[in-house]
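Thank you all for coming; I would like to use these few minutes to walk through one model with you, going slowly for anyone who has not met it before. Please have the sequence and the structure open as we go.

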Amino acid sequence: QVTLRAGAELDARQVNQYTLILRAACPGEDEVEGQLFVRVTTGQVLRCDTPFASAEGDVVQVLADVAPRTPLYAVLPQPLGGLMVRMGQGFPSPSFLQFRLRNHNTPLTLSRRGLVLAPDNGFDPSKDTQMFRLEIEVMDRHGHNCSGAVRVEVLPSRRPRVTFPEPHQAVTVTEGIGPWEVVTQVHARGDNVRYAILAPVAPTFFTIDEVTGKIRSTRQLEVIRAQLLIRAYNALHPDDHATATVNVTVQGTDRQAPRCVPAIFVSQVPETVSPGSTLVTLRCTDSTSTDGCLDYALEGPPSSRSHFCMEGPQLKVNTTLDYDSEAMAALGFQFTATIVVTVGGQPLQSTRVPVLVTVTPVNEFRPVCPNGATFTVPETAAFGSVVGRVAGTDRDYPPDSLEYSLEGGSGPAQPFSIDRRTGEIRVVGPLDAQQQKSYRLLVQLTDTHNDLDLRKRQSRLCDVSVRLQAVPDQLPVCIPEVQELRITAGSPGSRQPVTRLVCHSSPDSGVLMYTIVGGNEDGRFRLEGNTLVYLPNGRAEPRTFVLLVEVWGGSGAHRRRSSVVALVVHVTPWSTPVPPSTTTQHTTLQKEPLVVTRTEAEWHPPAWFVAVLTVSGALLLATLGCVARNLL
């Protein structure tokens with residue numbers, strides 16, 4: 001039986017045939033010699049790469065504080081003369097491989113995808129370097145397998161342990177301290193430190209802030225002695241903890257707290273105040289009328305303590321107070337803090353001075369014009385149509401609080417207006433692309449609400465271009481333009497339709513309007529839309545009417561165009577032997593043409609007249625309102 005030597009690897013690309021010389025001999029017979037040819041062909045094989053397949057196995061080093069079930073090792077495919085499996089970190093393994101852990105005397109686990117995972121409860125950070133060995137067998141779907149080993153070396157955590165620099169503290173306070181006053185504060189080193197009182201189990205006089213470690217009173221303190229056992233621990237790793245002892249002594253005193261002027265400080269400062277500026281200097285004295293042993297400290301939110309600081313009795317600005325920021329707006333543009341003035345000696349006495357500082361705005365920046373403010377509007381735009389919006393910007397808070405105005409106002413030379421608040425440009429006058437193809441507007445941007453002093457408003461002129469888009473003219477067309485109609489008059493007082501005009505114009509010309517402009521002296525005809533109606537009056541003699549109907553089209557008042565339709569109507573009285581029915585005959589007169597001449601007179605008031613009329617009407621309404629209010 002010929003077998004493959006253990007640890008041997010076949011590679012058909014390097015050696016594809018082996019010649020084995022075999023010698024055999026039986027007792028009493030001559031030795032014979034033969035050859036065995038072993039041909040190596042390429043195919044799907046499974047190999048475990050070194051160092052995973054070595055006797056020592058691959059080595060992985062991790063820290064003891066790694067999170068539970070964190071992937072530490074993985075299998076990755078690498079084709080090399082077939083399918084090779086080697087080990088690496090951070091790579092997913094192929095789904096067609098199966099992984100089995102040969103030894104089970106380890107807290108590490110092996111997933112179905114070949115991931116070596118940290119223990120469910122993590123490693124013990126209190127131990128020194130730990131070593132775990134995993135023997136892993138890999139098998140593919142064809143039954144080929146290979147095996148190897150992984151050694152996981154767990155190094156001590158580099159995370160600092162939770163410790164108390166001062167495990168024993170003694171604090172002495174005076175009686176009369178009110179509820180929720182800070183008695184002392186403990187500090188522990190480490191990451192994600194939290195604090196808790198272990199003893200007494202149900203504290204009666206004191207409580208501790210879980211995050212800051214400040215110990216506060218829960219009621220007004222009397223003369224007592226208390227011992228507190230404080231635990232500090234890592235919030236992410238609760239088994240990493242330390243304890244400290246705090247002895248609190250509350251004793252009576254007849255000393256008085258310092259007296260400070262001012263007792264409350266309220267001030268407004270501009271946002272441009274420079275760092276290092278002094279806001280207030282406290283004048284404090286204690287019962288001994290000396291201020292050399294007074295200590296000044298600033299308490300309050302982190303934002304207040306970062307923007308202000310104490311230098312002796314002086315409250316100073318520490319950093320720039322930027323009014324134009326969302327962070328300042330979130331604070332309501334106000335900072336609150338407390339200056340704690342403590343007198344030395346035993347016991348300590350302190351006075352608290354509340355501080356309220358309001359930051360006021362300063363107009364620092366000019367408005368900025370938009371880029372490429374060019375708009376296009378058709379020349380047929382109606383009164384009040386929106387041309388576009390000028391979107392100016394301003395870096396002062398509140399952002400983009402601007403007012404808009406047109407230089408030169410609105411008029412025939414500038415038939416536009418701008419909304420004071422939104423910056424929308426609208427059409428307020430006639431437009432004609434043949435007379436003027438574009439307009440150059442000067443829009444003034446003026447900032448508002450950016451400074452307490454209204455005289456410090458800033459402005460900027462912006463160029464805005466408005467181009468007119470020409471709209472081709474098209475007259476209304478009626479078919480036919482001349483009609484001859486014959487009707488029999490009905491009874492007096494009735495309403496008798498005669499004909500319906502068929503006219504059309506351009507799609508954007510709007511609704512066509514029809515008007516009788518000639519031949520209807522006695523008012524026997526009227527138009528209902530495009531329908532001509534006859535109103536009988538009981539006259540006995542026949543009569544012929546020549547009516548001129550004007551058809552109007554167009555959407556703008558100065559661009560409206562009209563056509564004229566001629567209607568010749570022969571009316572037969574209703575009392576004649578002719579049956580009382582109405583018959584309409586449509587013929588076209590061809591013998592002699594009918595010439596219609598019409599003169600149109602129009603009056604277009606100038607824009608200033610419209611503006612003066614509007615302002616006068618508004619003032620009249622306001623005056624009437626004031627008079628009515630006074631009378632009521």
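Let me begin with V341 in this predicted model, and with what surrounds V341 once its neighbours within four places in sequence are left aside: V341 is then in contact with P258, C260, L282, C284, L294, D295, Y296, Q349, S350 and T351. Apart from the core to which V341 belongs lies another core, of 25 residues, with V171, Y195, L228 and I230 among them.

Which residues, then, have the most contacts inside the largest nonpolar core? They are L279, F308, L315, L321, I339 and V341, in a core that has 28 residues. Two or more residues each come from strand 20 (265-270), strand 21 (278-281), strand 23, strand 24 (308-311), strand 25 (314-317), strand 26 and strand 27, and the largest share, 5 residues, is the contribution of strand 26.

From the cores I turn to the second largest pocket, whose volume is about 670 Å³. Its lining is made up of 23 residues, and the closest to the pocket's centre are V182, V183, V340, T342 and S350. At least two lining residues are supplied by each of strand 12 (168-174), strand 13 (182-185), strand 23 (294-299), strand 26 (334-343) and strand 27 (349-360), while by class the lining holds 8 nonpolar, 9 polar and 6 charged residues.

Where does this pocket lie with respect to domain 1 and domain 2? Because domain 1 (168-251) and domain 2 (259-360) both give residues to its lining, the second largest pocket lies between them.

Definitions and conventions: Residues numbered from 1 in each chain as written. Predicted model: local features only at pLDDT ≥ 70, side-chain atom pairs only at ≥ 80, totals over all residues. Heavy atoms only, no water. 1 Å grid on protein atoms, 1.4 Å probe; cavity = no way out; pocket = protein on both sides within 12 Å on 5 of 7 lines; lining within 4 Å. Points joined across faces, edges and corners; volume = space filled by probe spheres on them. Helix = DSSP H or I, 4+ residues; strand = E, 2+ residues; numbered from the N terminus. Nonpolar A, V, L, I, M, F, W, Y, C, P; charged D, E, K, R; others polar. Domains from an automatic or database assignment. Core = buried A, V, L, I, M, F, W, Y, C linked by side-chain atoms within 4.5 Å. Buried < 20%, exposed > 50% of the residue type's maximum accessible area, 1.4 Å probe, protein only. Contact = heavy atoms within 4.5 Å.
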